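Please open the model in your viewer, with a cartoon for the chain and sticks ready for the side chains. The stops below say what to select next and what is to be found there.

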Amino acid sequence: MAAADLVITSSGDTCSEARVIGRHLLLLDVVPGHGRENLQHELSRGSADVTSAEPNALRRRLGLP
């Protein structure tokens, strides 16, 4: 994680770890129900964006062909 420019993950403990070392998060919107609340919480903390885990959406979000 320390060598990464961006951390791609779902909401959870990884988000806190990434923030400690100053990494931006790209959160995958993959967990329904309480996972959506966790996702909203992580977005409200800042330094995070969200995308679908669908491969084409993820590629577009990353600016890849």
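Begin in the loop between α2 and β3, where you can select Ser-47. In this model, which is a predicted one, Ser-47 has a positive phi of about 55 degrees although it is not a glycine. With a relative accessibility of 42%, Ser-47 counts as partly exposed.

From that loop, move on into strand β3, residues 48-51, which pairs with β2 in the parallel sense over four bridges. If you select Thr-51 in β3, you have the bridge partner of Leu-28. To see how the connection is made, colour β2, α2 and β3 together, since these elements make a right-handed β-α-β unit.

Next, select strand β1, residues 6-9, and show its side chains, which alternate along the strand. Which of them are buried? Val-7 and Thr-9 point to one face and are buried, while Leu-6 and Ile-8 point to the other face and are not. Strand β1 is paired with β2, residues 24-28, again through four bridges and in the parallel sense. Picking Val-7 and then Leu-25 in β2 shows you a pair of bridge partners. Follow the chain from β1 through helix α1, residues 13-20, to β2, and you will have traced a β-α-β crossover that is right-handed.

Stay with Ile-8, which belongs to strand β1, and switch on a surface. Ile-8 counts as partly exposed because its relative accessibility is 39%, and the cut-off for buried is under 20%. Adding Leu-6, Leu-62 and Leu-64 to the selection completes a nonpolar patch on the surface, whose residues, Ile-8 included, together have about 310 Å² of accessible area.

On the way from β1 to α1, stop at Ser-11, which lies in the loop between them. Is Ser-11 buried or exposed? Ser-11 counts as buried because its relative accessible area is 19%, against a cut-off of under 20%. A distance drawn from the C-alpha of Ser-11 to that of Leu-27 should read 6.4 Å, although the two residues are 16 apart in sequence.

Now select helix α1 itself and turn the view until you look down its axis. Cys-15, Ala-18 and Arg-19 are buried in this helix, and because the buried residues fall within an arc of 100 degrees when seen down the axis, they line one face of α1. The general background is that an α-helix has 3.6 residues a turn, so residues three or four places apart point the same way. On the other side of α1, you will find Asp-13 and Val-20 exposed. Ala-18, a residue of helix α1, counts as buried because its relative accessibility is 0%. Between the C-alpha atoms of Ala-18 and Glu-42, which are 24 residues apart along the chain, the separation is 12 Å.

Keep Glu-42 selected and add Arg-19, since the two form a salt bridge in which the closest N and O atoms are 2.4 Å apart. Why does this pair deserve a look along the sequence as well? Glu-42 lies in helix α2, residues 34-44, and Arg-19 in helix α1, so the pair ties together parts that are 23 residues apart in sequence. Both Glu-42 and Arg-19 are buried; for Glu-42, the relative accessibility is 7%.

Then extend the selection to Arg-45, which forms a salt bridge with Glu-42, this time with the closest N and O atoms 3.6 Å apart. Arg-45 counts as partly exposed, at 43% relative accessibility. Salt bridges that share partners therefore join Arg-19, Glu-42 and Arg-45 into one network.

For the last stop, select Arg-36 and Asp-29, whose side chains meet in a salt bridge at 3.0 Å from N to O. Arg-36 counts as partly exposed, with 41% relative accessibility, and Asp-29 is also partly exposed, its relative accessible area being 30%. How many salt bridges does the model hold in total? The count comes to four salt bridges, among them the pairs visited at these last stops.

Notes. Residues are numbered from 1 along each chain as its sequence is written. This is a predicted model: local features need pLDDT of at least 70, side-chain atom pairs count only at pLDDT 80 or more; totals for chains, interfaces and linings use all residues. Side-chain values use heavy atoms; hydrogens and water are left out. Buried means under 20% relative accessible area, exposed over 50%, partly exposed in between (1.4 Å probe, protein chains only). Helices (H or I, at least four residues) and strands (E, at least two) are DSSP runs, numbered from the N terminus. Two strands pair if DSSP finds at least two bridges between them. A crossover is right-handed if, with the strands pointing away from the viewer, the path from the first strand over the helix to the second runs clockwise. Patches are made of residues with over 30% relative accessible area and no salt bridge: like charges are joined within 9 Å, nonpolar side chains (Val, Leu, Ile, Met, Phe, Trp, Tyr) within 5 Å. Accessible areas come from the Shrake-Rupley method with a 1.4 Å probe; for residues, only the protein chains shown count as cover. The arc is that of the directions from the helix axis to the C-beta atoms.
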